[in-house]
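Biologist: Here's one I'd like to go through slowly with you. Pick a single part, stay with it, and then show me what it is tied to.

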Amino acid sequence: MLDAYEKLVGILERTPFAFPLAVDSVVGSLGYRWARVRSYIVLYTVNEADEMIVIERVEHESRNWRVLLG
């Protein structure tokens, strides 16, 4: 599992916009992007001004992560 997360971080370091905005319109409008690592959803934002990626949440796909952000 750790190898999969390290691979994701490497991708985000090179191409922060590689993954789409969250499908949910409210979550996407907040600027959250998402990637899947096995059965987990990784929600992150891109701070272009500071050239920083912030991993906001890692949630199992079975959880209602849209509600957790509200």
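Let's take the hairpin. How many residues sit between strand 2 and strand 3, and which residue in the turn has a positive phi?

Modeller: Keep in mind that this is a predicted model. There are 4 residues between strand 2 and strand 3 in that hairpin, and the one in the turn with a positive phi is E51, at about 50°. E51 isn't a glycine, and most residues other than glycine have a negative phi. It belongs to the loop between strand 2 and strand 3, and at 75% relative accessibility it counts as exposed.

Now the arms. Strand 2 covers 40–47 and strand 3 covers 52–60. They run antiparallel, with 8 bridges joining them. One spot to stop at is I41, which stands opposite E59 in strand 3.

Stay on E59 for a while, as several things meet there. E59 is a charged side chain that must be called buried, because its relative accessible area is 8% and the cut-off for buried is under 20%. Who partners it? On one side there is R57, whose side chain meets that of E59 in a salt bridge of 2.8 Å, N to O. R57 is partly exposed, with a relative accessible area of 27%. On the other side is R63: it forms a salt bridge with E59, and the closest N and O atoms are 3.2 Å apart. The side chains of E59 and R63 also show up as a polar contact of 3.2 Å. R63 is partly exposed too, at a relative accessible area of 45%. Through these shared partners, R57, E59 and R63 are joined into one network.

The salt bridge count comes to 3. Besides the two on E59, there is one in which the side chains of E61 and R36 meet at 3.2 Å, N to O. E61 sits in the loop between strand 3 and helix 3 (65–68) while R36 is in strand 1, so this pair ties together parts that are 25 residues apart in sequence. Both ends are partly exposed: E61 has a relative accessible area of 40%, and R36 comes in at 48% relative accessibility.

That brings us to strand 1, residues 33–37, and to R33, which lies in it. R33 makes a nice contrast with E59. R33 is buried as well, but it has no salt bridge, and the nearest side chain of opposite charge, E48, is 7.4 Å away. A salt bridge here needs the nitrogen within 4 Å of a carboxyl oxygen, so a gap of 7.4 Å doesn't qualify. What does the R33 side chain reach instead? It gets to the backbone oxygen of F19, at 2.6 Å. Leaving out residues up to four places away in sequence, R33 touches P16, F17, F19, P20, L21, A22, V42, L43, Y44 and V46. V42, L43, Y44 and V46 put us back in our hairpin, as strand 2 runs over 40–47.

Between strand 1 and strand 2 there's a loop, and R38 is in it. R38 has a positive phi of about 55° although it is not a glycine. With a relative accessible area of 57%, R38 is exposed.

What else does the hairpin lie against? Look at helix 1, residues 2–14. Its buried residues are L8, G10 and L12, and what covers them includes strand 1, strand 2 and strand 3. Both hairpin arms are therefore part of that cover. The helix also passes a quick length check: at 1.5 Å a residue its 13 residues should span 18 Å, and the end C-alpha atoms are 19 Å apart, which agrees.

One last stop, away from the hairpin, is V27 in helix 2 (residues 25–29). V27 is buried, with a relative accessible area of 2%. V27 and V67 are 40 residues apart in sequence, while their C-alpha atoms are 9.5 Å apart in space.

If you come back to one residue, I'd make it E59: opposite I41 in the pairing, buried at 8%, and joined with R57 and R63 in one network.

Note on methods
Residues are numbered from 1 along each chain as its sequence is written. This is a predicted model: local features need pLDDT of at least 70, side-chain atom pairs count only at pLDDT 80 or more; totals for chains, interfaces and linings use all residues. Side-chain values use heavy atoms; hydrogens and water are left out. Helices (H or I, at least four residues) and strands (E, at least two) are DSSP runs, numbered from the N terminus. Buried means under 20% relative accessible area, exposed over 50%, partly exposed in between (1.4 Å probe, protein chains only). Lys and Arg count as positive and Asp and Glu as negative; His and the chain ends are not counted. A polar contact is a pair of N or O atoms within 3.5 Å; within protein, one must be able to donate a hydrogen and the other to accept it, and residues adjacent in sequence count only if both atoms are side-chain atoms. Contact means heavy atoms within 4.5 Å. The expected span of a helix is 1.5 Å times one less than its number of residues. Two strands pair if DSSP finds at least two bridges between them.
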